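The paragraphs below walk through one structure step by step. Keep the sequence and the 3D view open while reading.

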There are 2 protein chains.
Amino acid sequence: MITKMHGAGGRLMIEFIKNQILKNIELKKVNGLGLDDLDDAGTIKLDDKHIAFTTDSYTVKPIFFPGGDIGRLAVSGTVNDLSVVGAKPLALSLAFIIPEGYDEEKIERIIKSINKTSKEAEVAIIAGDTKVTDGLDEIIINTSGVGVAEKVIKDSGVKDGDAIIVSGNIAEHGLAILLSREEFEFETNIKSDVAPLNKMIENILDLEISAMKDPTRGGLAEALNELAEKSSVGITIFEDKIPISDEVSSVCEILGLDPLTIANEGKVVIAVDKKDAEECLERLREHPLGKNAEIIGYATKEHKGVLMETGIGKRIIDYPIGDPIPRVC
Amino acid sequence: MITKMHGAGGRLMIEFIKNQILKNIELKKVNGLGLDDLDDAGTIKLDDKHIAFTTDSYTVKPIFFPGGDIGRLAVSGTVNDLSVVGAKPLALSLAFIIPEGYDEEKIERIIKSINKTSKEAEVAIIAGDTKVTDGLDEIIINTSGVGVAEKVIKDSGVKDGDAIIVSGNIAEHGLAILLSREEFEFETNIKSDVAPLNKMIENILDLEISAMKDPTRGGLAEALNELAEKSSVGITIFEDKIPISDEVSSVCEILGLDPLTIANEGKVVIAVDKKDAEECLERLREHPLGKNAEIIGYATKEHKGVLMETGIGKRIIDYPIGDPIPRVC
């Protein structure tokens, strides 16, 4: 039986995808990244370019939350998936699945947010679909996207010695969703970080980037483990270098949540050749969405998996079982 | 308030899309077909080629029906949308939205059908997404697709004098869904026609095709009206030329349904220059999916809209308000 944890990123989801989808589908790639790569987008080589292609459905609840809404999320998430494989997004598709009897004003608010985010990212929406169905209690949006890359940046590209950079404060999206869903006895200013990262990422594509990933479901822990495993390297990170706001840190402590496993929707993890690390950091920080970027660690052949230096020792950072907060995207 | 008719093709859906989506989205095209064209796919000119891009969500109920299932539908529908703009499908994406507590065996059966149809169409699935959510009573699938076209075939291309061809018997998909949903006092052999048409359509792309459309939601009536309106021509069709099985015809009569308004999922309507009409018909009939193809009429400047010669007079075929059978796809 399928539980929410199967759709929350992490180990259960990957097992489900491997056992069900990858095992049973035979045509899984064209001439580039395909389903088996479990990367952020598939790619197709066409003449001297690569077409990147990705899809995401958005089932977040509530659909309006501090810092964003399902519309902003749907545009940003898909734009970011194209960006982290090194592609410049060309166009998005937009598919609405609307519960019967739904309030048209809510749809209008969502579409206006989609429009605003599409303009911010400078990416057009050129294809769409609308379905209305019963047996559904909240709107669902699917956005797919196509982009074009000169060079495909793969999860499997991390090299021994690469610097590992995170573009800003972690764990804000998932926490904002959780706090807007439950009644807590404290008030916070925590907002989702949801944003399209393509403009910031396009600024660094001429550097020697080895791999990129947006740490969404499963958080930084999931993204780093995937990069390490697919690249057959270890990653060491330093706890005191991980950018996180005091407020997010305190709230995680109070609620007993590990911020490393909480979803982000406006951050990117970058593995970059060490000679370009400082330049990469500087360029990220020049962009408003990258102002809190930090070099948080390095890739190494000396161990497998992800280790975190805590100041008093080393902690193994494993794949989360699933995001501790389901339905965040 | 949104009703099922808003999602059933036809006039209500087009009004909703125009008033809500097209009005509020500003970036709607790149350099080709965009959202405002309301064509079967968007297109992007890239060097000397056109990338076609389309999306569809599938909410059909029941998910298993005579002649097919939601998996076969999800592959075929998206392959066909690429094919009718003149593109060769390159790759699909596959996004599952799964109700919490769903039966894993059903998913396996659907994925096996997706695999079979993907092999039949010879189109790979290179990107995917899985979400699990509560508040949903049946699985939903979104497939998006990318293809490449030498020349884009637009809905607006029908010319005065073109022959209008339908590739086979109409109204089978919608009727099969209806009959599998309700308890009727008669038994039939009616099966959905759901099938990927790309191989059949690739056989005719060197002919002078003016426009193509797959007559899904809203049926042949919807497809012909869209072609006529967008091309600023009239279309005359002959009732006795429309391919339809005796059984479908009888059941429609018993149930008081107009077969022209019922969805198809394995048919294409083609407007072709009259000099190529016989050749086009012949090539379609050579393919198993086109064996019942017929020239059903012609485009004309002598009237607007769609007229049907019935033998005893002319009947105006208007846009349906919505598909008489909702949630067929």
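**From a strand to the cavities**

Val272(A) sits in strand β11 of chain A, which covers residues 269–272. The model is a predicted one. Val272(A) has a relative accessibility of 0%, so it counts as buried. Ala299(A) is 27 residues away from Val272(A) in sequence, and the C-alpha atoms of the two are 9.6 Å apart in space.

The next stop is helix α6 of chain A, residues 219–231. This helix has 13 residues, which at 1.5 Å a residue should span 18 Å; the C-alpha atoms at its ends are 19 Å apart, so the model agrees with the expected value. How much of α6(A) is covered? Eleven of its 13 residues are buried, so that α6(A) is mostly covered by the cut-off of under 20% relative accessible area. Among the buried residues are Gly219(A), Leu220(A) and Ala221(A) at one part of the list, and Leu227(A), Ala228(A) and Ser231(A) at another. Charged residues are also in that buried set, including Glu222(A) and Glu226(A). After α6(A) comes Ser232(A), which has a positive phi, near 50 degrees.

Helix α6(A) also takes part in a pocket. The largest pocket has a volume of about 930 Å³. Its lining holds 45 residues, and those closest to its centre are Met13(A), Leu38(A), Asp39(A), Lys213(A) and Glu226(A). Glu226(A) is thus one of the buried residues of α6(A) and also one of the residues closest to the pocket centre. Elements of both chains give two or more residues to this lining: α1 (10–24), β2 (49–58), α2 (70–83) and α6 from chain A, and β6 (124–133) from chain B. The most comes from α1(A), with eight residues. By class, the pocket lining has 17 nonpolar, ten polar and 18 charged residues.

Enclosed spaces come next. The model has six cavities of 30 Å³ or more, and the largest has a volume of about 660 Å³. It is lined by 35 residues, of which Gly128(A), Met13(B), Asp39(B), Asp40(B) and Arg217(B) are the closest to its centre. Here β6 (124–133) comes from chain A, while α1 (10–24), β2 (49–58), α2 (70–83) and α6 (219–231) come from chain B; these are the elements that give two or more residues to the lining. With five residues, β6(A) gives the most. The lining of the largest cavity divides into 14 nonpolar, ten polar and eleven charged residues.

The second largest cavity holds about 60 Å³ of space. Of its 13 lining residues, Gly7(A), Arg217(A), Pro326(A), Arg327(A) and Val328(A) are the closest to its centre. This lining has six nonpolar, two polar and five charged residues.

How are the two chains related? Chain B superposes on chain A through a rotation of 180 degrees with 0.0 Å of shift along the axis, at an RMSD of 0.0 Å. The two copies are therefore related as by a two-fold rotation axis. In chain B, Leu136(B) has the C-alpha nearest that axis, at 2.2 Å.

One record entry can be placed on the model. UniProt lists residues 39–149 of chain A as "domain: PurM-like N-terminal", in an unreviewed entry. In the model this span is 29% helix and 46% strand, and its end C-alpha atoms lie 15 Å apart.

Notes. Residues are numbered from 1 along each chain as its sequence is written. Chains are lettered from A and ligands numbered from 1 in the order in which they are written. This is a predicted model: local features need pLDDT of at least 70, side-chain atom pairs count only at pLDDT 80 or more; totals for chains, interfaces and linings use all residues. Side-chain values use heavy atoms; hydrogens and water are left out. Helices (H or I, at least four residues) and strands (E, at least two) are DSSP runs, numbered from the N terminus. The expected span of a helix is 1.5 Å times one less than its number of residues. Buried means under 20% relative accessible area, exposed over 50%, partly exposed in between (1.4 Å probe, protein chains only). On a 1 Å grid over the protein atoms alone, a cavity is a set of points where a 1.4 Å probe fits but cannot get out, and a pocket is an open set with protein on both sides within 12 Å along at least five of seven lines; lining residues have an atom within 4 Å of a point. Grid points are joined across faces, edges and corners, and a volume is the space filled by probe spheres set on the points. UniProt positions are given in the numbering used here, feature names are shortened, and annotations may be inferred rather than shown by experiment. Copies are superposed by least squares on the C-alpha atoms of residues with pLDDT of at least 70 in both.
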